[in-house]
Amino acid sequence: MINLTIDDKQIEVAEGATVLEAARKLNIDIPTLCHDPRLKPYGACRLCIVEIGGMAKPVTSCTTPATNGMVVKTNTAKLYRLRKTTVELLLSDHPNDCMTCIGTGDCKLQELAYAYGIRENRFQGAMRDHNRVDVNPFITREQNKCVMCGLCVRVCEEVQGVGAIGYAERGFEAKVIPPFGHDLKCEFCGQCVSVCPTGALSGRLWSGKPRMAGVKFTDTTCTYCGCGCNITLRSTGDQVIRIDSKPDSHNRGWLCVKGRFGFEFINSADRLTTPLIRRQKGGEFEQATWDEAYDYVAKRLSEIKDKHGADALGGLCSARCTNEENYLFQKMFRARIGTNNVDHCARY
Amino acid sequence: MNDGIVVNVCMGTGGIAAGGDMVMQEFIKEFETAGVKNATVKEKCRLHKVGCRGFCARDVLVDITVDGQVSTYQYIQPEMVKRLVQEHVLGAKPITEWLVGDDYHVFHDNQTKRVLADLGKIDPESIEEYLGVDGYKAAEKTLTTMKPEEVIQVVKDSGLRGRGGGGFPTGVKWSFCAANKADQRYIICNADEGDPGAFMDRSVVEGNPHAVIEGMIIGAYAIGASVGYVYIRAEYPLAVDRLRLALKHAEERGFLGKKLFGTDFSLKIKVKLGAGAFVCGEETALIASIEGERGMPRAKPPFPANKGLWGKPTIINNVETFANIPQIMNKGAAWYASIGSEKSKGTKVIALTGKIKNTGLIEIPMGMPLKDIIFKVGGGIEGNKLFKAVQTGGPSGGCIPQQFIDLPVDYEGLASVGSMMGSGGMVVLDETDCMVNISKFFLQFTQSESCGKCVPCRIGTKRLLEILTRITEGEGKEGDIELLQQLAEDVRDSSLCGLGMSAPNPVISTIKYFRHEYEAHIKHKKCPAKVCNKLLTFFIREDMCVGCGMCAKACSVNAISGEKKQPHKINNSMCIQCGSCFDACKFSAVLKE
Ligand SMILES: Cc1cc2nc3c(=O)[nH]c(=O)nc-3n(C[C@H](O)[C@H](O)[C@H](O)COP(=O)(O)O)c2cc1C
Ligand code: SF4
Ligand code: SF4
Ligand code: SF4
Ligand code: FES
């Protein structure tokens, strides 16, 4: 274990922990923009700088390993000045159109501008123009709002293993793009969208929908497969408008393209809302209650079993059910109905 | 050397650019016509290509040695070769009017050549010639008689510090690397040399590649690396060719490969070409580049000595650092430390450029006073102008003003006045240089070479440049100097890598020493050195103007009028101060003020 002092408080952390992790353990708030504990440290935004005894210059706490006896200051006047300059520089190259930006209320840059009280900007100057429209079905990319935190590039590489985006150009003109600046053509898992701290990346489906005001958040489970990723629905009225996932869920906030972007069906008028029973051959489907439906199914299964034996029946279950549901389903077939004719579309 | 005749032709990049190749061909032709046998073979008469001796401004340089008597010729062109062969080689009579003058000797005599000692003497494409100057003796001695710890101790004792910029003690760095438990270690030679105007490392690789390879072998043995890389920029084609040839020759002789010098130690050295990004000279970006990633630095710690290439302990040293190693092992730490200053030992190779008489590549003992470099080796300021300042350490160094002319040039000395050694660039400035413009110039370079990873460097250098640009264009505002100072300090203190940390140096140092020039630009809208066109008024002196009309033709806004053969006039309300007329006039009749 390693013992260090941060802002006059003692803390013990495990070998390999960073100074930032140690500070968070003490509930000390250090601003970060390019950091995500789920990804490798990067050290680009320079906001998490701290002063460490014996080191000539401020260092980034997100990349610096804690060592025994270290004495760390996280909130000096000097650090405040440096952080403020950094935020001001970022804003000097930012469209500042929070009024109409999809990210509003959910944007780290906006929070930082607020925290440092930046309205006038000492560094007004040229702005990048990277607003090439990316034609793809799921993701809106507004690169003029990109702060080059690299989170999207890293998540795509480190978590998704796809590497669909990277950096191009140098200096002020540096930017994040798919190869050769073509349109994005990838898995569209939207992991990148989920980590983007600004409005640079957003879901096409969200466009024009409410941002924060009047939005209800509901934690639930994704129904697409047996993994059961935790998701959070954003809704207004009876409309689901966006799906997120929290980093502290068992799926660590990561989703697939279906879980993240495949939610329009929820509000579809074609959706069935009650069971339907076709009572006569050639007849119409008629609305029924669940009790009616269960009774009907049980009755027909029993009739077939009585007449033709249990092996005349077979059950196919779905990967969209949970393990527990699949277990119960095979139990019903094997133990209650008495046949081994039971299978499942994914068999995992 | 042995009796007989030796003709050395400078075939460094500078020599070749000046026509060295053609001069060489001409010598071969003349030798053949004159019936001199075996012109290129070591016999009675040897024709010989050599590396750069540092005085490229005088190329093509040719030495003709007859019975031990060396005569050096400058500015030799192919058509002059016939006379040289007839009169000097065959007739033993030097052609005095083509010989170099005293300044050539002053330039060389005030230097102390160690790393450059064999440049201009041996053929860099011949391993025999390197062996002829005790080449690979140091490697053999080290590998066969010394333990790795002993090697590191010698390098520590010598006081050698990294020549790539940081000046970190080389032996100490090696010991950090060796202390790691690891199944694999790497050694890398940094030959990326991206500073504009710097050509120290290129000249060493072109002129004596085996010395660098031998230094790497010794370093690899000391730290226990079995694989090495030379990361060299692709824009150095001659250096790359000679390096590859030298590696091949060294492998053929068994100096590289398996079981070197009969020991169990093996080393393979690979060449990796850089694509010309300045930031790839930064060690962590360089490692990323070798790994096939975009050349972007990462935060340290961990340092490469602990976690470098492919996550393994790695030593990166500069070309010049490695080139010093064989001599240290041959002659000992005490010999090496016998020259230099208290904390900076040995010599430093410097690229001396700017408003100075003798521009070129020089090697001086550490601690030599600035004034000796400029006025002795450099021969003083060109055109009898006044010395104003010197920029050391490349684009991210600082400007040192005239008042520090006695400053010893070593790591501490330069740092004490807000500059740095860097890789050894030195640009001399005179009274006609505008310091605001100079700092803008350097910032343009660093700004466009920033990798764009971190905020202070990516956006901060851009904003610094914008403020400087507006000052030089007469748009400077009250408070701009303070804003520049604050931003420069913040960029310096919060950037990720050395590029961003040092990019503001020219701004900080010029404001410190030449604040009055900034004030003149901002408050009085004047450029005291008459460089910033936008702050100048252009006019034509009637008594000098011959009425040729060149100025009027050059003016893109038709602000100049006048009859043919009559004095012309500039309408200053139309003039956009582009300076085209000033450049166009052959009679110096256009003035600016
Ligand atoms: C922006 C930047 C560019 C650099 N370029 C070079 C270079 O071209 N050559 C070099 O040897 N070192 C360069 N360095 C220094 C290297 O990072 C490293 O410190 C050096 O190669 C270590 O070798 P040394 O200890 O022998 O000096 C550069 C550093 C920075 C920050
Ligand atoms: S959607 Fe997924 S695969 Fe596509 S770029 Fe983003 S993270 Fe990579
Ligand atoms: S697009 Fe978003 S996540 Fe990607 S680098 Fe830019 S700001 Fe960061
Ligand atoms: S200081 Fe500049 S060059 Fe270095 S990492 Fe930051 S942006 Fe890149
Ligand atoms: S959070 Fe550490 S540098 Fe961005």
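This briefing covers a helix of chain B, the surroundings of ligand 2 and one cysteine of chain A. The model is predicted, so local features need pLDDT of at least 70 and side-chain atom pairs count only at pLDDT 80 or more, while totals for chains, interfaces and linings use all residues. Residues are numbered from 1 along each chain as its sequence is written, chains are lettered from A and ligands numbered from 1 in the order in which they are written, and side-chain values use heavy atoms, with hydrogens and water left out.

**Helix α13 of chain B**
- Helix α13(B), a DSSP run of H or I with at least four residues, numbered from the N terminus, spans residues 319–331, and eleven of its 13 residues are buried, meaning under 20% relative accessible area with a 1.4 Å probe and protein chains only.
- Among the buried residues are Val319(B), Phe322(B), Ile325(B) and Met329(B).
- At the N-terminal end, Asn318(B) acts as the cap, with a side-chain oxygen 2.8 Å from the backbone nitrogen of Glu320(B), and after the helix comes Gly332(B), whose phi is positive, near 100°.

**Ligand 2**
- The residues around ligand 2 (a heavy atom within 4 Å) include Cys156(A), Cys186(A), Cys189(A) and Cys192(A), as well as Glu187(A).
- This shell divides into eight nonpolar, two polar and one charged residue, where Cys counts as nonpolar, Glu as charged and Gly as polar.

**Cys317(A)**
- Cys317(A) is placed in strand β15 of chain A, residues 315–317, strands being DSSP runs of E with at least two residues.
- Cys317(A) counts as buried because its relative accessibility is 13%.
- Leaving aside residues up to four places away in sequence, Cys317(A) touches Asn326(A), Phe329(A), Asp343(A), His344(A) and Cys345(A), contact meaning heavy atoms within 4.5 Å.

Terms used: Buried means under 20% relative accessible area, exposed over 50%, partly exposed in between (1.4 Å probe, protein chains only). A polar contact is a pair of N or O atoms within 3.5 Å; within protein, one must be able to donate a hydrogen and the other to accept it, and residues adjacent in sequence count only if both atoms are side-chain atoms.
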